[in-house]
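This report walks through one structure, from single residues to its packing and open space. Please keep the sequence and the coordinates at hand while reading.

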Amino acid sequence: RDIKVNEGLDSFCFPVFFRYFCYHIVFPLSIPFVLMLEGWAMASNLCFIPVWSDKKKLAIFVSQSVSAMAAYVMISLHIDNENPPHDIFVIVPLALYGCHKLMVGAKYGSLEEETMQWLRSEVIERKLLESIELLSWVNLDIAEIDHQLRYTAEKRGIEFKDMFFLINKEIYSESIVKAKSSLVQNVIKFYEGKEVLQDASKNGKITGHELNQQRQHLHHYKQDENHHHMVKVAMLPIATKTVNFSMKRELTYTQERWVLGACALVQGLIPVCLQWIKNELDGTRSRSAASFIQVGIGFSITVFYFYIALLFVNVGQLDYQRRAKMIRAAGALIDFETPFDAEKIGSYLFVDLAWPKNVASWLNFRWLLLNLGSQFRNRIRLYTGLVSAFLIGLLMYMIVGIFLDSISEIVIGTTAGFLLFVGSSLARSIWYGSETNEQYERQARRVTNIQFSLRELKAEIRQSTRSSFKKKIIDERLSAADDLMALAVKMLEHDSRLEPIMVLGFRASKEMYTTIAFASVGAVLGIMLEFYINANG
């Protein structure tokens, strides 16, 4: 089943967002209201009731219950404690807890009404529900990439059966058929391997009709009878290859999660260590059991929910990085002069825009890659905005403390840690977004250069070719390609001007990256300097 997601903020359902935020923020007190208003099936799908047969649902129910009860206990201890720890040990955990519940509400506010009705109608296995989670966009195998490409093409009105490239036979043979890259070979096997198709049919994984549809891909690689030196290559396998290469990262998915977990652990330890040092220096060590329990609960909630926040922000960064890689690869596809870089675009492949069909196919290819994963970007923007709002709130708390002379090194250290970990990820998102925006201009310039070269070629052919029939055929083809490229340049300029990559509501650029980096570091250093001056008279 395709779980449908609203892709635009204009279609975001605020009443659903608010209702599900309330359900989660007051859990488990909200369970009776969920059962009454949404039904048993939705309560089960929300993991609000234990499902013993589904271990993943049971684990989420336990984690939600434990974290909710821990938050209630922490608040109670802070209120009843005559000498409580610093307020930051309550403010940060509760802010992160609330930020996560806002993210959950945003997820359900992004779903289409048809999907919401489905969630209310039946109890669904958690493994299937994970397909609507943002983390499902991080790791995709070839079959999942193929599914995402078909889903995006359907949403954007692109017909794969009519989309193919005319590629030089020798280039295609060297770059695809004889490619040494295992990623390329796996893609070819997925679309061409007869054994894979036969095994799937025998195992009952696909129907005979679906088997015939997959075998039709084999015919897209046959030689075009009208162009003896060219072969027809379907767009879908090339797009799958490009997306597959864009997912190559320095660290594996597991390693990235370990790194993010370590960052969350360090962030949780910062206020604890600073409080311990302060107590040692002041000689005011608190021996209250309630204080130790409160700090321990606050530490646990901070680490757990900051880790989740970092996971979501990291998905946004990976999405911007992936899009930058894909649009760069799309540009390299038509650029014969740029030095080949296998790490960036995979196996070398050149699409000659002198063929009109290639111009139209390349524009659709580029549009498809840019929109791949668009159903997740609504939530990426919302989640990034919520985490940024949390950081701004923490900064405002610190600034107010300066004016009231109530700021401490614990607040400064905690805020600096959050700015470091979240800001570095946001900065990388801005950098990759600016890379994508720059590719718009570079590709428009490259298409213009190709268009100019074609016009020079037409002039030479008209002067040198004697056969009027041959001259007419070539001239018509080059003129058609020239007309399409003129429209392509306008479309690229339109994308650059009206549909740029935005981060936090601003056009991503290198200037924005530099400004935010220096402003953030300067603000933290300035506040630390002000605190030092005040502390020393």
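## A buried threonine in α19

T415 counts as buried, with a relative accessibility of 2%, a value well inside the cut-off, since buried means under 20%. The residue is placed in helix α19, which covers residues 409–464. When residues up to four places away in sequence are set aside, T415 touches L394, L395 and M398. The model discussed here, and hence every value in this report, is predicted.

## The chain as a whole

The chain holds 21 helices and 4 strands, and buried residues make up 50% of its 537 residues. Among the contacts with a separation of 6 or more, 79% are accounted for by residues that are 24 or more positions apart.

## Helix α8 and its surroundings

Helix α8 takes in residues 142–156, and its 15 residues reach 21 Å from the first C-alpha to the last, close to the 21 Å expected at 1.5 Å a residue. At the start of α8, a side-chain oxygen of D141 comes to within 3.2 Å of the backbone nitrogen of A143, while just after the helix G157 takes a positive phi of about 75°.

Which residues of α8 are buried? They are I142, I145, D146, Q148, L149, Y151, T152 and A153, and the buried residues of this helix pack against α10 (182–192), α13 (235–246), α17 (356–371) and α18 (374–403). As a general point, an α-helix has 3.6 residues a turn, so residues three or four places apart point the same way.

Ahead of α8, I132 is placed in the loop between α7 (126–129) and α8. I132 counts as buried at 5% relative accessibility, and its C-alpha lies 9.5 Å from that of Q375, although the two residues are 243 residues apart in sequence.

## Nonpolar cores

The largest nonpolar core has 127 residues, and those with the most contacts inside it are Y108, L119, L149, F165, W362, F365 and V447. Helix α15, residues 289–332, gives the most to this core, with 17 residues. A second, separate core has 9 residues, including Y320, L370, Y440 and M512.

For V447, leaving aside neighbours within four places in sequence, the contacts are I334, L353, W362, M485, A488, V489 and L492. W362 is thus a contact of V447 as well as one of the residues with the most contacts inside the largest core.

## Two positions in α15

Helix α15 also contains K325 and G296. K325 is buried, with a relative accessible area of 17%, whereas G296 counts as partly exposed at 31% relative accessibility.

Each of these residues can also be placed by a partner elsewhere in the sequence. K325 and M247 are 78 residues apart in sequence and 8.8 Å apart in space, taken C-alpha to C-alpha, and the C-alpha atoms of G296 and V272, which are 24 residues apart along the chain, are separated by 8.9 Å.

## The second largest pocket and helix α5

About 830 Å³ of space lies in the second largest pocket. Its lining is made by 32 residues, of which I60, H100, R126, E133 and I308 lie nearest the centre. Helices α4 (55–80), α5 (88–109), α14 (253–282), α15 and α18 each supply at least two residues of this lining.

One of these contributors, α5, has 22 residues and reaches 31 Å from its first C-alpha to its last, close to the 32 Å expected at 1.5 Å a residue. Because 18 of the 22 residues of α5 are buried, the helix is largely enclosed by the rest of the structure.

## Backbone features in two loops

Where is the cis peptide bond that has an omega of about 5°? This bond joins F27 and P28, and P28 is found in the loop between α1 (14–25) and α2 (31–37).

A further backbone feature concerns C47, which has a positive phi of about 60° although it is not a glycine. C47 is found in the loop between α3 (40–45) and α4, and at 1% relative accessibility C47 counts as buried.

Definitions and conventions:
Residues are numbered from 1 along each chain as its sequence is written. This is a predicted model: local features need pLDDT of at least 70, side-chain atom pairs count only at pLDDT 80 or more; totals for chains, interfaces and linings use all residues. Side-chain values use heavy atoms; hydrogens and water are left out. The expected span of a helix is 1.5 Å times one less than its number of residues. Buried means under 20% relative accessible area, exposed over 50%, partly exposed in between (1.4 Å probe, protein chains only). Contact means heavy atoms within 4.5 Å. A polar contact is a pair of N or O atoms within 3.5 Å; within protein, one must be able to donate a hydrogen and the other to accept it, and residues adjacent in sequence count only if both atoms are side-chain atoms. A nonpolar core is a set of buried Ala, Val, Leu, Ile, Met, Phe, Trp, Tyr and Cys residues joined through side-chain atoms within 4.5 Å. On a 1 Å grid over the protein atoms alone, a cavity is a set of points where a 1.4 Å probe fits but cannot get out, and a pocket is an open set with protein on both sides within 12 Å along at least five of seven lines; lining residues have an atom within 4 Å of a point. Grid points are joined across faces, edges and corners, and a volume is the space filled by probe spheres set on the points.
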